[in-house]
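Q: Please take a close look at one part of this model and at what surrounds it. I would like a connected account that gives the cut-offs behind each term.

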Amino acid sequence: TFVSGHSLFGITLKRNYKESHFKEDLIELFSKRFVARKPVVFLINDSQIVEEGFLELINTSLTVGVIPTLFDDAARNEIRNSFRDACKRETGKESSDEIWDYFCQVVRENLHVILCMSPAGESLRIRCRNFPSLTSSTAIDWFFAWPDEALYDVATIFLNDFDMDAQL
């Protein structure tokens with residue numbers, strides 16, 4: 001995230017953190033972070049998913065880009081007002097629906113979701129089955145612990161030509 005020059009967004013769990021709190025955090029993410037049109041990374045791990053409804057919202061975000069039911073009319077109008085000038089400048093369009101479509105396109109282009117989940121147990125398999133965009137709209141990187149022999153071999157290769165006595 002840092003190397004790419006993206007900004008980082010994450011949630012902070014508090015006591016009794018529920019789906020309503022998660023929605024408030026997502027509203028902040030979508031309504032305030034994209035005005036500058038800079039890439040944003042939304043980082044969340046499986047220990048922060050305290051309700052499965054979180055994954056439903058993430059699933060929708062991965063599929064559509066913006067969660068349509070997240071915003072009431074007042075929030076939509078505020079977003080439209082924030083993006084009106086940019087939409088008119090870049091597309092020449094200025095109707096409410098066209099501005100909303102422009103906003104959705106900006107989010108799709110600039111939102112990167114990093115979902116960190118442990119492959120141990122049944123949880124990941126069940127979640128991938130229940131929320132298909134977790135596999136169809138993502139790239140999955142599997143990270144496992146390296147065996148001791150592999151760690152030793154890599155160290156040997158890189159340190160083989162290194163004279164330890166000369167460095168002391």
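A: What follows starts from one helix and then turns to other parts of the chain.

This is a predicted model, in which local features need pLDDT of at least 70 and side-chain atom pairs count only at pLDDT 80 or more, while totals for chains, interfaces and linings use all residues. Residues are numbered from 1 along each chain as its sequence is written, and side-chain values use heavy atoms, with hydrogens and water left out.

Helix 1 runs over residues 19-32 and has 14 residues; helices here are DSSP runs of H or I with at least four residues, strands are runs of E with at least two, and both are numbered from the N terminus. From its first C-alpha to its last, helix 1 reaches 20 Å, close to the 20 Å expected at 1.5 Å a residue, where the expected span is 1.5 Å times one less than the number of residues. The buried residues of helix 1 are Phe 22, Asp 25, Leu 26, Leu 29, Phe 30 and Ser 31; buried means under 20% relative accessible area, exposed means over 50%, and partly exposed lies in between, with a 1.4 Å probe and protein chains only. As background, an α-helix has 3.6 residues a turn, so residues three or four places apart point the same way.

The cover over these buried residues of helix 1 includes strand 1 (7-10), strand 2 (40-45), helix 2 (52-64), helix 3, helix 4 (96-110) and strand 3 (111-116). Phe 22 touches Ile 11, Tyr 17, Phe 42, Ile 44, Phe 54, Leu 57 and Ile 58, leaving aside residues up to four places away in sequence; contact means heavy atoms within 4.5 Å.

Phe 22, Leu 26 and Phe 30 are also among the residues with the most contacts inside the largest nonpolar core, together with Phe 34, Phe 42 and Phe 103, and this core has 34 residues. A nonpolar core is a set of buried Ala, Val, Leu, Ile, Met, Phe, Trp, Tyr and Cys residues joined through side-chain atoms within 4.5 Å. Helix 1, strand 2, helix 2, helix 3 and helix 4 are the elements that give two or more residues to this core, and helix 4 gives the most, with seven residues.

Helix 2 has 13 residues that should span 18 Å at 1.5 Å a residue, and its end C-alpha atoms are 19 Å apart, which agrees. Its buried residues are Gly 53, Phe 54, Leu 55, Leu 57, Ile 58, Asn 59 and Ser 61, and they pack against helix 1, strand 2, strand 3, helix 5 (123-130) and helix 6 (133-136). A salt bridge of 3.0 Å (N to O) joins the side chains of Arg 127 and Glu 52, the rule being a side-chain nitrogen of Lys or Arg within 4 Å of a carboxyl oxygen of Asp or Glu. Arg 127 lies in helix 5 and Glu 52 in helix 2, so this pair ties together parts that are 75 residues apart in sequence. Arg 127 counts as buried at 9% relative accessibility, whereas Glu 52, at 39%, counts as partly exposed.

Helix 3 (residues 73-91) holds Arg 80, which is buried yet has no salt bridge, since the nearest side chain of opposite charge, that of Asp 97, is 4.5 Å away; for this purpose Lys and Arg count as positive and Asp and Glu as negative, while His and the chain ends are not counted. The side chain of Arg 80 does make a polar contact of 3.2 Å with the side chain of Asn 77. A polar contact is a pair of N or O atoms within 3.5 Å; within protein, one must be able to donate a hydrogen and the other to accept it, and residues adjacent in sequence count only if both atoms are side-chain atoms. Not counting residues up to four places away in sequence, Arg 80 touches Ser 96, Asp 97, Ile 99 and Trp 100.

The loop between strand 1 and helix 1 includes Asn 16, which counts as exposed at 57% relative accessibility and has a positive phi of about 60° although it is not a glycine. Most residues other than glycine have a negative phi. Arg 15 is found in this loop too, and counts as exposed at 77% relative accessibility. Leu 13, in the loop between strand 1 and helix 1 as well, is partly exposed at 35% and touches Ser 47, Gln 48 and Val 50, again apart from residues up to four places away in sequence.
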